[in-house]
Amino acid sequence: MEKLNQLTQQYQILADFLRQFRQERHQYPELSNEEFETTAKIREVLEKHHIDILPFPLQTGLVAEIKGLKAGKTVMLRADIDALPIEEESGVEFSSKKVGIMHACGHDFHMSAALGAAILLKQHQNELEGTVRVLFQAAEETGLGALNVLKSGALQNVDAIFGLHNDPMLPVGTVGTKPHALTAGVDCFEIRILAKGAHAARPQDGKDPIVVLAQIISVVQTIISRNIAANENAVISITHIKSGNTWNVIPDNAYLEGTVRSFNVNVRTQIEQRLRMLLQGIAITFDVEIELDWHAGPPSVNNDEQLVPFVLNVAGAIGFETKIVEASPIGEDFAFYQVEVPGVFVMIGSGGPYALHHPKFRVDDRVLFPTAYYLYELAKEFLAK
């Protein structure tokens, strides 16, 4: 951290501003697609530094652009800006002032680092050999916010994209990533069992949806254990079940929902197909109707293997420790961008000890300015390649 601390001291005024901005945004978090004040505050800072804001049709979030004097490639930096419906218990002096809403994933850290990078890029605009776009993206927590950005046309003519996320499981001062799959593809499903209610003493008069629900819970686990190769990583979790409301009545219906995580697109397809087949068979066996709603989320983050050494070398050059990390089963809609353009998503050590989405989650501000400087260097060095 010594070299990173020296870097912060060198740019102390900007570092102090970013810390203040981050802590203010932490106090006023906004949920997905409701980031109006957040967007306005980001816009205010960008305009103060005479940074262009592109007129893409985004309800919340925005795209800034810094053009160098020389023509060249276009690179995009991406940061997310939304918060979560969590009551904060971190105990920091700048805790959320909004009941039940918290930046429990560090998006206030991400947006502040990206804002710092934009300011640095503007200050060194004459040195840039191309164009940098800085995306402040809304609604990452929905898993689908990136699709609105793609629909707006903001990625047109972009040659590469870089994104980041803080990682409380990595030590402060560490940058980690890996080639190919870094996060999982994320899907969720809802299953509705339409049966026939009856008195609990006369089950023969009905069709018991709770028995069917139990069969589904059991058999779904065989999709992974008996259909997916052992060298593939995938998981199915059923997280919500609901049926009935009293002790002596067999209900008419039952409901369950859950999630699937996978790293291979073929495995992802296979899991959905197998689930549909199993549900069809159970429906026939128990003479009930079963409805499945499958909600496809973002695919797996797929880091460009040629760019991974580049992003780690840039991190190491400014003082970060670097490492190749293991793939994580979390989801990240940054993956949608990588379907369109090559890119790399990196993890920034934020110190823990509480995990992402925990009410006591916090970020170590010592790494804020170094992260901003890292994004600046990534963009500048990519254009110079």
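Start by selecting cysteine 188 in this predicted model: across from cysteine 188, in strand 13, stands histidine 295. Strand 13 covers residues 289-296, and eight bridges pair it with strand 8 in the antiparallel sense.

**Strand 8 and its partners**

Now select residues 185-194, which make up strand 8. Seven of these ten residues are buried, and the strand is mostly covered. Move along to isoleucine 191, which has leucine 292 of strand 13 opposite. For the other partner, select strand 12, residues 253-262, which runs antiparallel to strand 8 and is joined to strand 8 by ten bridges. Phenylalanine 189 is a good place to look on this side, since its opposite residue is glycine 258 in strand 12. In a regular strand, side chains point to one face of the sheet and then the other, in alternation.

**The whole sheet**

Add strand 10 to the selection to complete an open sheet of four strands, in the order 10-12-8-13, with antiparallel pairing. Which strands are at the edges? They are strand 10, residues 234-242, and strand 13, each of which pairs on one side only. From one strand to the next the twist averages 20°.

Next, show helix 6, residues 209-220. Helix 6 packs on the sheet and touches strand 8, strand 10, strand 12 and strand 13. The direction of helix 6 makes about 10° with that of strand 12. Then show helix 8, residues 265-286, which also packs on the sheet and touches strand 8, strand 10, strand 12 and strand 13. The direction of helix 8 makes about 170° with that of strand 13.

**The cysteines**

Go back to cysteine 188 and display cysteine 105 with it. How many disulfides does a search of the whole structure find? The count is zero. Cysteine 105 is in no disulfide, and the nearest cysteine sulfur, that of cysteine 188, is 17 Å away. Why is there no bond for cysteine 188? Its closest cysteine sulfur, in cysteine 105, is 17 Å away, and that is too far for a bond. Are the two residues buried or exposed? Cysteine 105 counts as buried because its relative accessibility is 6%. Cysteine 188 has a relative accessibility of 33%, so cysteine 188 counts as partly exposed.

**Salt bridges**

Searching the whole structure gives 17 salt bridges. Select arginine 22 and aspartate 365, whose side chains meet in one of them, at 2.8 Å from N to O. This pair links distant parts of the chain, 343 residues apart: arginine 22 belongs to helix 2 (residues 12-27), while aspartate 365 is in the loop between strand 16 (343-349) and helix 11 (368-384). Both arginine 22 and aspartate 365 are buried.

Now select arginine 25 and glutamate 24, where the side chains form a salt bridge at 3.4 Å, N to O. Arginine 25 counts as buried, at 1% relative accessibility, whereas glutamate 24 is partly exposed, with a relative accessible area of 30%.

Then select arginine 366 and aspartate 364, another salt-bridged pair, with the closest N and O atoms 2.9 Å apart. Arginine 366 is partly exposed, with 46% relative accessible area. Aspartate 364 is partly exposed as well, at 22%.

For the last stop, select Arg78, Asp80, Glu332 and Asp333, which salt bridges with shared partners join into one network.

Conventions: Residues numbered from 1 in each chain as written. Predicted model: local features only at pLDDT ≥ 70, side-chain atom pairs only at ≥ 80, totals over all residues. Heavy atoms only, no water. Buried < 20%, exposed > 50% of the residue type's maximum accessible area, 1.4 Å probe, protein only. Helix = DSSP H or I, 4+ residues; strand = E, 2+ residues; numbered from the N terminus. Pairing = 2+ DSSP bridges. Disulfide = S-S within 2.5 Å. Axes fitted to C-alpha atoms, helices over the stretch in contact; angles between N-to-C directions. Contact = heavy atoms within 4.5 Å. Salt bridge = Lys/Arg side-chain N within 4 Å of Asp/Glu carboxyl O.
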